[in-house]
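User: I am new to this structure and should like to understand the reasoning behind the terms used for it. Please begin once it is displayed.

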Amino acid sequence: MSETKGGRRTGGALDRRSLLAGAAGAGGALVAAAARAEEPAIPAELPEWSRYLGPGVDDEPYGKPSKHEAHVVRRNVEWLTASTQSSINFTPLPWLNGIITPNGVFFERHHGGRAEIDPSAHRLLIHGLVEKPLVYTVEDLKRLPCEDRIWFLECAANGGMEWRGAQLNGCQFVRGMVGCAQWTGVRLKTLLDRSGLKPSAKWVLAEGADASALTRSFPIEKALDDAFVAYAQNGEALRPGQGYPIRLILPGWEANMSVKWLRRIEVGDAPWYTRWETSKYTDLLPSGKAYKFSWVQEANSVITWPAPEHKIDGPGEYMIRGLAWSGRGRIVRVDLTFDGGKNWVTAPLQEPILPKALTRFYYPWRWDGSSMIMASRAIDETGYVQPTIVQLRNARGRNSIYHNNSIVTWLVNSSGEVENVQVA
Amino acid sequence: MFRSREFLLALALGAALALPAEAGEKPIGRVPTAEDIARWDIDVRPDGLGLPPGRGTAKEGEEVFQARCAQCHGEFGEAVGRWPQLVGGQGSLTWDDPIKTVTSYWPYATTVFDYIKRAMPFGDAQSLTDDEVYAITAFLLASDGIIPEDFVVDAKTLPTIRMPNADGFIDDPRPDVPKGEPCMKDCVAEVVVTGHARKIGVTPEDKARPATD
């Protein structure tokens, strides 16, 4: 009868509440109409959660968000792919805060569905041009020197549907192939050192244990720099959709290379040119040539409030919220425009500002109710400036699919509705 | 103090090579046998490293393809629905709507073998024999004339096949956009909205999403 009931009978409370709810039913519409006319600053009725007991501590052993937050979920775009097993969903950026993406809404890209792995049957093999090949269990890996590191992961195709024009009307769909987490695990260098690299070691192949056995090649320099084998994300074991029990992380590089369900690391002297570094994840140019091994995710940013998912509720004071990130290091500056790029102001960055991690910017703002075109522009510590879509198209045409890190532009109309647009 | 020459050497190199565990200790990691490694080591490189014994021709491949692949990829590799088109598209890479297929875009024939062996058929991975994988590879390449119909594809011949787009890839030159301090004031004279996502109308609808929050 009542939607908000706790669901547990506690003494006579539930019976009594049901009676009250029934009695209120008839007059409900009348009360609501009056409330619209002039709603008191504090709701007149004592809400039922202030009178009756809520569920006990044994109600929800693994907690979930409030049911009023049911819209904060990953979404996919059905028409993008032939099957959901080889597809992607999007992080609900417009409703998230801070720089850490909650595990339950971290975007997922699978190539053979989400592998559901029994960790006791999982192994990691290190072999190839090493002195001593070794096979690790997950428990073995947890005995080795570990670190906690905060990094973003971003799909190379983030923004990919916008190369030819503004297409998807949502912050979630335009930039939601990104998430940021605190990862716990072992440096890949630790594992390679334990096996001992042969002098001819130049390239590394990582392979997943899923039904696509996804493989990517990367140079030994990255393997010895910050490549990481993670077993935990934001304090708990990796979720199956993120590679449970272990995944590779190549910080700052396209997330396809951060191979999930990692089962094998082979060291070699040349790249393998796997399907995922030839047929896919290469950037086709108008000349018919394509960039290969385009690994780094260049500086990017997006305004997460306002956004097409949010309507601005009348003129007044608001906080503009947004995210910026760069695969080359730290974000040093974010600029905002309210006139489509004619003039820019710099927005304050929120601590912590970490390399290869999402960085927050907030900007206090007063909306006067007029139509305007707003956008953010990120600059990283290498001096790289997030380009416009026109600049990117001048460099790469319109068929790249991948690595569209261009400025995202929102058109706000006088009703406060927000639309994804492109400007020239 | 140090019992092991190896450890001293490892220390000198700044590395910590895994040592045999002390008597009675549980080691971290096990040394695999060659057979252990062979069970998982299925990757293939453009120079042919990793290709297994076996062989196949286009004629043999056609039969396997119709039975195991055509359901999604079509009788001729032309694709069913949104599943990937495998052949055709020659010369299309400079078009406004390029058709990126195995034969028009993939630079190495070895990658075709590697991918089919590890991931196809979609949903029944690693169920094909090596002969079948060689044969399907031959069928696809022959269907666009990259190899003759009677060409025998095996570990020796596969790396010698030159794909039409072998020279189609260049090393990543990024950053490939203008450098320098960005403009802050009076940057453009006129702003033109060139695209509206609302007009395209392909955004997934979602009743659970509140209009305002």
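Analyst: This is a predicted model. A suitable starting point is A:Arg164, which forms a salt bridge with B:Asp97.

User: Why is the pair A:Arg164 and B:Asp97 called a salt bridge?

Analyst: The closest N and O atoms of A:Arg164 and B:Asp97 are 3.4 Å apart. A salt bridge requires a side-chain nitrogen of Lys or Arg within 4 Å of a carboxyl oxygen of Asp or Glu, and therefore the pair qualifies. Across the interface of chain B and chain A, the rule finds 11 salt bridges.

User: Which elements of chain B give two or more residues to the side that touches chain A?

Analyst: They are α2, α6, β3, β4 and α8 of chain B. The largest share, 5 residues, comes from α6(B). By class, this side of chain B has 49 nonpolar, 12 polar and 25 charged residues.

User: What is the area buried between chain B and chain A?

Analyst: It is about 8000 Å², and carbon and sulfur atoms give 55% of that area. B:Ile28, B:Trp40 and B:Arg174 supply 10% of the area that chain B buries against chain A, more than any other three residues.

User: Why are α3(B) and α7(B) called roughly perpendicular?

Analyst: The two helices pack at an angle of about 100°, with their axes 7 Å apart. Angles of 65 to 115 degrees count as roughly perpendicular, so α3(B) and α7(B) receive that description. The contact of α3(B) with α7(B) has 9 nonpolar, 2 polar and 3 charged residues.

Methods:
Residues numbered from 1 in each chain as written. Chains lettered and ligands numbered in written order. Predicted model: local features only at pLDDT ≥ 70, side-chain atom pairs only at ≥ 80, totals over all residues. Heavy atoms only, no water. Axes fitted to C-alpha atoms, helices over the stretch in contact; angles between N-to-C directions. Helix = DSSP H or I, 4+ residues; strand = E, 2+ residues; numbered from the N terminus. Parallel < 35°, antiparallel > 145°, perpendicular 65-115°, else oblique. Nonpolar A, V, L, I, M, F, W, Y, C, P; charged D, E, K, R; others polar. Buried area = accessible area lost by both parts, 1.4 Å probe.
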